[in-house]
Amino acid sequence: MIVDDNQFNIELLEETLKSLNLNLLSFQKPKEAAKIIDLEKFDLFLLDVMMPELSGFDLAEMIKKTRLNCDTPIVFISALADVEHKVKGFNLGSYAYIEKPFNIKVVKSQILNLLKTNCKEFCRKNLMLYL
């Protein structure tokens, strides 16, 4: 799931990650995303930190309380590059904290490595694509 209030960032991330064959839904409104986080299993969550109504940190806390996605990897993507925000993200269980503006090749590599390391189902479905 991609949650970012900026449509351009969503489109860029979708285009970057489409070749990874992930179960991805995208939302500009974090409250809309929050409605389905316990209805469907996702491969990962890419969350913008600064969003109106609900921050990425708040959404991550909600995800961690769900039955289906409590162990799903979370990655924060944010223009907030200070140590305090990064530490908060990692304390919430984030696997990575990617700073904006991001490099799409780096993001794709980070996500692929995270999934190969942490998601057995992803590896089973897709490992042969990258060998």
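These questions and answers cover the fold and the nonpolar cores of a predicted model. Local features need pLDDT of at least 70, side-chain atom pairs count only at pLDDT 80 or more, and totals for chains, interfaces and linings use all residues. Residues are numbered from 1 along each chain as its sequence is written, and side-chain values use heavy atoms, with hydrogens and water left out.

Me: In what pattern do the helices and strands follow along the sequence?
Reply: Helices (H or I, at least four residues) and strands (E, at least two) are DSSP runs, numbered from the N terminus. The chain has 6 helices and 5 strands. Read along the sequence, the pattern is β-α-β-α-β-α-β-α-β-α-α.

Me: What percentage of the chain's residues count as buried?
Reply: Buried means under 20% relative accessible area, exposed over 50%, partly exposed in between (1.4 Å probe, protein chains only). The chain has 131 residues, and the buried share is 45%.

Me: Which element supplies the largest share of the largest nonpolar core?
Reply: A nonpolar core is a set of buried Ala, Val, Leu, Ile, Met, Phe, Trp, Tyr and Cys residues joined through side-chain atoms within 4.5 Å. Of its 22 residues, Met 1, Phe 45, Leu 47, Leu 59 and Phe 76 touch the most other members. H2 (30–34), E3 (45–48), H3 (56–64) and E4 (74–78) each supply at least two residues. The largest share, 4 residues, comes from H3.

Me: How many residues does the other core hold?
Reply: This core lies apart from the largest one. Among its members are Ile 77, Phe 102, Leu 114 and Leu 115, and its size is 18 residues.
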